[in-house]
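Open the model in your viewer and keep the sequence panel visible. The stops below say what to select and what is there.

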Protein chains: 2
Amino acid sequence: MARASVAMIGASADAPAHEARMRIRAGRYDGQTAGLAPGYLQGNLAILPGDLALDFARYCQRNPKPCPLVGVSDSGDPMLRTLGADIDIRTDVPRYNVYRNGELADQPGDIIDLWRDDFVAFVLGCSFSFEQALLDEGVPLRHIETGATVAVYVTDIATTPAGPFRGPMVVSMRPLVPADAIKAVEVTSRFPAAHGAPVHLGDPAAIGIADLSRPDWGDAPDIRTGEIPVFWACGVTPQVAIRAARPSICITHKPGSMLITDLASTQASNQPGRAMPSAQGRT
Amino acid sequence: MARASVAMIGASADAPAHEARMRIRAGRYDGQTAGLAPGYLQGNLAILPGDLALDFARYCQRNPKPCPLVGVSDSGDPMLRTLGADIDIRTDVPRYNVYRNGELADQPGDIIDLWRDDFVAFVLGCSFSFEQALLDEGVPLRHIETGATVAVYVTDIATTPAGPFRGPMVVSMRPLVPADAIKAVEVTSRFPAAHGAPVHLGDPAAIGIADLSRPDWGDAPDIRTGEIPVFWACGVTPQVAIRAARPSICITHKPGSMLITDLASTQASNQPGRAMPSAQGRT
């Protein structure tokens, strides 16, 4: 934490994240963001019309594990001032999903023409931060080793609704030997803004998952002898809740193409949504 | 945590908090809530008109240390469904402060006649949870030992504004010997929904406090040889920000007369705003 803070104070030190966003803004990159600007916090995006913004803020407050809010724009302001210098949410994500009445309608490279003066942009923490911390602590992650997409499942755990936002908790699963599962609980507990500690481990049926070999999203997992499944709340949860709410329009990042912020990825620990002093000073 | 969870599952186990609220609701208690229903999370209250609710939610998201949001009502709904069974925010706080255009206008025992269908009630974590945890860990708290009110100061640290909500961070100070200051950092870090780790320790001038012997609120502190001042973000911060916003109406608890929830006070650790399963099931 201390090291990251020192590394990021002052505008020039924000260069890697800023540079990546400038490439994206200029239309020179529209792919996945994993591995871009290492050490900087990446986030999921949901842009909603003003009349749904308070309910969505409430949904996130009531369901902090699947929906860890790290930043909220001012209404109609496309600049995400608490997440860094010069972040324009209309252009700085590689590719967007535009949903109309809950259905995917378009996948543009920017949303300049779609932006409205009542829009509110929500940025939510993602699992990148805690996965890096797990690897740093020597906890192996099979899906990363094998180049697979993490397995994601719908559970029978209901989230706490807010207005039209409601639905099941969606979880990602990583198979671990018990000693690593214990270490993973310790490590991810320190990252409440990146889904925090697991929500379950062991018997999948206990949370309504009938067959681990058939995930709802991602690749079928490779679970080896002696390993138990460990389940974390997943950022697909708010996407399902938004789909259920069928807003006239909602814009998200295209999965895998996240927003890169100026915050340290370790920022996802301890205090959700706390900006670096350099970012704070600019608001 | 485990013990508290077990103790609270099922309606009858909520009895101490529920019973205290029923006494308050019936008008049979209008005093301080410290010591009432031990083990249950108490919170600060701010009720705002609908047109300011999204900005205030943003203000809390951007300033989680002074403004740790533990619950938000639905618009116009006086029942705080995520914080417990049968919590009516119009009657269940011992005494209220009613502010009109930023000025204290009344201190009624209930707000039934003032409630509007656009009101949103915000409940914020307070320092009771972490003070109990400090005492449990053997960290002595002078103001409690001497029956004084904790010393509270305005700093020169600016909070991150949201709409009309802005102002300095306000802090509470507890004098501790260095070994206890270290322990206090460790313990309070685990309570992000109760202001979390300190924001400063040592030199008061570094955060704009000219004279520790003259607090802005509370009693002059008794600092002894070998002790250093340790400063935590304080729930007066959002009150100052609300005052600055001069809303046509805002209703808070009268200082010291908090809302008693059905959540375990240890709930203030780890995941802000996460309700007990028993409370969740009722939403």
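Begin in chain A by selecting A:Ile47, which stands opposite A:Ile251 in β10(A). This is a predicted model, in which local features need pLDDT of at least 70 and side-chain atom pairs count only at pLDDT 80 or more, while totals for chains, interfaces and linings use all residues. Residues are numbered from 1 along each chain as its sequence is written, and chains are lettered from A and ligands numbered from 1 in the order in which they are written.

**Stop 1: strand β10 of chain A**

Select residues 40-48 and 250-253 of chain A: these are strands β1 and β10, and they pair in the antiparallel sense over two bridges. Strands pair here if DSSP finds at least two bridges between them. Helices (H or I, at least four residues) and strands (E, at least two) are DSSP runs, numbered from the N terminus. Next add residues 96-100, strand β3 of chain A, which pairs with β10(A) in the antiparallel sense over four bridges. Within β10(A), A:Cys250 has A:Tyr99 opposite. In general, strands of a sheet pair through backbone hydrogen bonds, either parallel or antiparallel.

**Stop 2: chain A as a whole**

Show chain A alone. Its secondary structure comes to eight helices and eleven strands. Of its 283 residues, 51% count as buried. A residue is buried if 20 or more other C-beta atoms lie within 10 Å of its own, exposed if 12 or fewer, and partly exposed in between, with C-beta atoms placed from the backbone. Among contacts between residues at least 6 apart in the sequence of chain A, 78% join residues at least 24 apart. Two residues are in contact if their C-beta atoms, placed from the backbone, lie within 7 Å.

**Stop 3: the open sheet of chain A**

Select β6, β7, β9 and β8 of chain A. They form an open sheet of four strands in the order β6-β7-β9-β8, with antiparallel pairing. Its edge strands are β6 (151-158) and β8 (200-201), each pairing on one side only. Strands β7 (residues 168-176) and β9 (residues 228-233) of chain A pair over six bridges. A:Val171 stands opposite A:Ala233 in β9(A).

Now add helix α6 (residues 178-189) of chain A, which packs on the sheet, touches β7, β8 and β9, and makes about 15° with the direction of β9(A). Axes are lines fitted to C-alpha atoms, for helices over the stretch in contact, and angles run from 0 to 180 degrees between N-to-C directions. Then add helix α7 (residues 236-245) of chain A, which lies across β6, β7 and β9 and runs at about 155° to β7(A).

**Stop 4: where α3(A) meets α3(B)**

Select residues 50-62 in both chains. At what angle do α3(A) and α3(B) pack? The angle is about 40°, with the axes 10 Å apart. That makes α3(A) oblique to α3(B): angles under 35 degrees count as roughly parallel, over 145 as roughly antiparallel, 65 to 115 as roughly perpendicular and the rest as oblique. A:Ala53, A:Leu54 and A:Ala57 meet B:Ala53, B:Leu54 and B:Ala57. The residues of this contact divide into six nonpolar, no polar and no charged. Ala, Val, Leu, Ile, Met, Phe, Trp, Tyr, Cys and Pro count as nonpolar, Asp, Glu, Lys and Arg as charged, and the others, Gly among them, as polar.

**Stop 5: B:Phe128**

Move to chain B and select B:Phe128, found in helix α4 (residues 128-136). Is B:Phe128 buried or exposed? B:Phe128 is buried, because 20 other C-beta atoms lie within 10 Å. Leaving aside neighbours within four places in sequence, B:Phe128 is in contact with B:Ala34, B:Gln42 and B:Ser265. Add B:Leu41 too: its C-alpha atom is separated by 8.1 Å from that of B:Phe128, though the two residues are 87 apart along the chain.

**Stop 6: A:Asp86 and B:Asp86**

Select A:Asp86 in the loop between β2 (69-72) and β3 of chain A. Its phi is near 55°, a positive value in a residue other than glycine. Most residues other than glycine have a negative phi. A:Asp86 counts as partly exposed, with 16 C-beta neighbours inside 10 Å. In chain B, select B:Asp86, whose phi is near 55°. B:Asp86 is found in the loop between β2 (69-72) and β3 (96-100) of chain B.
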